[in-house]
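Trainee: Got a minute to go through this one with me? I'd like to see how you read it.

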Amino acid sequence: MKKFKLTLIALALAAGAASAGQAPAQAPMNPRADGIPVTKLSRLRVFADEQEMDQQSKLQYSQLLSEAKQKEALVPDSDPQVKRLRAIAARIVPNAKRWNPAAANWNWEVNLLNSDQVNAFCMPGGRIAFYSGILTKLNLTDDEVAMVMGHEISHALREHARKRAVQSTAVSIASRLGGAALSSYLGIDPRLTDAGANMAGQLTVMKFSRGDETEADLVGIDLAARAGYDPRAGLALWQKMGAVNSQEPMEFLSTHPSGESRIQDMQKQMPLVLPVYARVRGLDVNKLPPYQTSPLPN
Ligand SMILES: [Zn+2]
């Protein structure tokens with residue numbers, strides 16, 4: 001059964017490769033094209049079963065929450081920090097469909113886990129968790145929380161996990177087909193296809209690619225700016241991450257390396273996102289007051 005499914009995927013991939021030359025030009029999704037330009041979702045993602053991934057994510061998320069509850073580490077709904085996170089999400093989420101129309105139907109959830117870890121994530125389907133360590137150790141402002149949340153939501157919106165699931169399958173299929181054209185169509189490093197099926201398993205457990213991280217940074221600041229959060233908080237956030245990490249290596253930075261180049265990449269996008277933020281706040285972009293971060297705890 002599994003083999004049959006893989007064959008189907010391989011055929012679908014090959015058919016996609018054959019028609020790649022005639023892909024229609026994308027019509028602009030939003031006539032008011034300010035902010036970070038919306039690009040197409042990865043061609044790879046369509047080969048992973050969306051419903052299956054959603055079910056897996058739902059199961060993993062509920063397992064995580066029930067484990068946390070048993071350890072009394074699930075922060076209750078009445079907690080001010082939980083309310084704060086949910087209020088920030090409520091402002092960001094309405095902008096999500098710009099980046100993935102399916103997100104309009106997601107059942108968004110936001111929870112806070114009592115843990116020293118500096119970490120946060122958003123699973124496919126809009127299941128968000130923050131670890132309290134990221135709030136306390138970085139003393140995040142609301143704008144900075146919005147940057148973290150925007151980044152994590154972007155991984156889910158841009159279906160990076162779904163793309164990775166397919167990449168790992170496709171690597172082994174491509175190596176069996178021996179199709180150099182196929183691997184270049186899929187944007188997979190041909191060295192990976194040479195390595196063959198054994199590589200595939202390892203790929204699924206790794207962090208997101210550098211390209212996915214960059215996309216999540218940019219989509220994240222656009223999402224947050226549209227929600228009225230200052231995009232310059234993204235720069236402050238990564239500076240704080242770097243400062244704290246130099247004293248105590250953080251979980252979040254092990255999956256999110258190279259703070260310096262992130263800051264530079266985000267800096268380049270400020271002329272695109274600051275006008276969005278200023279418009280939402282009803283301010284003149286040339287008269288924005290400087291961004292105020294909060295000090296790191298001693
Ligand atoms: Zn990331």
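Mentor: Sure, one term before we start: helices (H or I, at least four residues) and strands (E, at least two) are DSSP runs, numbered from the N terminus. This is a predicted model, where local features need pLDDT of at least 70 and side-chain atom pairs count only at pLDDT 80 or more, while totals for chains, interfaces and linings use all residues. Residues are numbered from 1 along each chain as its sequence is written, and side-chain values use heavy atoms, with hydrogens and water left out.

Trainee: OK, where is Asn-139 found?

Mentor: In the loop between helix 4 (132–137) and helix 5. Its phi is near 45 degrees, a positive value in a residue other than glycine.

Trainee: What do most residues do there?

Mentor: Most residues other than glycine have a negative phi.

Trainee: Is Asn-139 buried or partly exposed?

Mentor: Asn-139 has a relative accessible area of 31%, so it counts as partly exposed. Buried means under 20%, exposed over 50%, and partly exposed in between (1.4 Å probe, protein chains only).

Trainee: And what's the phi of Glu-159?

Mentor: Near 55 degrees, so to speak another positive value in a residue other than glycine. Glu-159 is in the loop between helix 5 and helix 6 (160–177). With 6% relative accessibility, Glu-159 counts as buried.

Trainee: Helix 5 keeps coming up. How does it pack with helix 10?

Mentor: Helix 5 covers residues 142–157 and helix 10 covers residues 210–226. They pack at an angle of about 120 degrees, with their axes 7 Å apart. The axes are lines fitted to C-alpha atoms, for helices over the stretch in contact, and angles run from 0 to 180 degrees between N-to-C directions.

Trainee: What do you call helices arranged like that?

Mentor: Helix 5 and helix 10 are oblique to each other. Under 35 degrees is roughly parallel, over 145 roughly antiparallel, 65 to 115 roughly perpendicular, and the rest oblique.

Trainee: Which residues make the contact?

Mentor: On helix 5, they include Ala-146, Gly-150 and His-155. On helix 10, Asp-212, Glu-213 and Ala-216 are among them. Contact means heavy atoms within 4.5 Å.

Trainee: Tell me about His-155. What is it in contact with?

Mentor: Leaving aside neighbours within four places in sequence, His-155 is in contact with His-160, Phe-208, Asp-212, Glu-213, Ala-216 and His-256. His-155 is found in helix 5, and at 3% relative accessibility it counts as buried.

Trainee: Switching topic: where does Pro-124 lie?

Mentor: In the loop between strand 2 (120–123) and strand 3 (127–131). Pro-124 has 25% relative accessibility, so it counts as partly exposed.

Trainee: What does Pro-124 touch?

Mentor: Not counting residues up to four places away in sequence, Pro-124 touches Met-53, Asp-54, Ser-57, Ala-156 and Ala-161. Its C-alpha atom is separated by 9.8 Å from that of Ala-103, and those two residues are 21 residues apart along the chain.

Trainee: Zooming out, how many helices and strands are there?

Mentor: The protein comes to 13 helices and 3 strands. Buried residues make up 46% of its 298 residues.

Trainee: And what share of the contacts comes from residues 24 or more positions apart?

Mentor: Among contacts with a separation of 6 or more, those residues account for 74%.
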